[in-house]
Amino acid sequence: MPILNKDMTLCISLSARPSNNGTRFHNHLYEQLGLNWIYKAFAPTDLAQAIAGVRGLGIRGCAVSMPYKEDVIALVDVMDPSAKAIDSVNTIVNDGGTLTAYNTDYTAIEQLLQRNAVPTDYSVLLKGAGGMAKATAAALRDAGFRNVTVVARNEEAGRALAGLYGFAWRADVDSSGAVAADMLINVTPIGMAGGTAGSPDAGSLSFPQQAIDAAKVVFDVVALPAETPLIKAARAAGKAVITGAEVATIQALEQFVLYTGIRPTDEQVRAAEEFMRAQ
């Protein structure tokens, strides 16, 4: 990485619980490609001020993670169709003070469902109702999944998300095993590590063991740690898994392209991914 200098281009990420995933991935690619760029993660204390800083300081790109993916909508100038269609933002690009919002989460979910050849007639339990849940629900709907139940304790948000895509809603999945599905998808912070205050749910399962045992595919969008409690339990039960680390790689790659205008080679992406996961 170049020594810090006045001409260096800065990109950042904003998250309540920052990790080093994006920092390592982007900075490794900058180094491979010889770019005079640097990437830094932040936990903002004031989101509006942070976005104003993106604009005022000429920060080129800003990744947006939980729980800010909907809150930033009012703070940007332009909504790209990828973000506008689902009212959720995970990427902001600054072009001379004009902030355009995108969503690369959708692309990541879409690609992973295809790569893993998940049958579209599978029943699905989707846990969560925030910005990432919107991207996931849209990707499921567009891929042809119809038997989907949104699991969210916030009834208003859960019913709204389910109704938007023609899915069902329920408040929770109990441990009786009465509610089961072929695929489980966690889009909540349950199982997430990191952050200055830590996570009270870092060691928790986002679905009960009975639901895991009944499933065929288990998908956790939580990227830190790479092996969440849900993924560990699914592997132990012999289930096919899709991890948040995979989501992180794809969405970060698409962000990199939006920021720099450069699409790295597959070999460069693999090297950056390996570097990211080696932390």
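The exercises below deal with salt bridges in a predicted model.

Residues are numbered from 1 along each chain as its sequence is written, and side-chain values use heavy atoms, without hydrogens and water. Local features need pLDDT of at least 70, side-chain atom pairs count only at pLDDT 80 or more, and totals for chains, interfaces and linings use all residues.

**Exercise 1.** Find how many salt bridges the rule gives.

Solution. Start from the rule: a side-chain nitrogen of Lys or Arg lies within 4 Å of a carboxyl oxygen of Asp or Glu. The count is 14 salt bridges.

**Exercise 2.** Describe the salt bridge between Asp 95 and Arg 60 and place both residues.

Solution. Take the distance: the closest N and O atoms are 2.6 Å apart. Then place the residues, with helices (H or I, at least four residues) and strands (E, at least two) taken as DSSP runs numbered from the N terminus. Asp 95 belongs to strand β5 (residues 91-95) and Arg 60 to the loop between α2 (47-56) and β3 (61-64), so the pair ties together parts that are 35 residues apart in sequence.

**Exercise 3.** Decide whether Lys 216 and Asp 182 are buried, partly exposed or exposed, and state where their salt bridge lies.

Solution. Their N to O distance is 2.8 Å. Lys 216 is in the loop between α7 (209-214) and β11 (217-220), and Asp 182 is in the loop between β9 (168-170) and β10 (183-186), 34 residues apart. Next, apply the cut-offs for relative accessible area: buried is under 20%, exposed over 50%, partly exposed in between (1.4 Å probe, protein chains only). Lys 216, at 43%, is partly exposed; Asp 182, at 17%, is buried.
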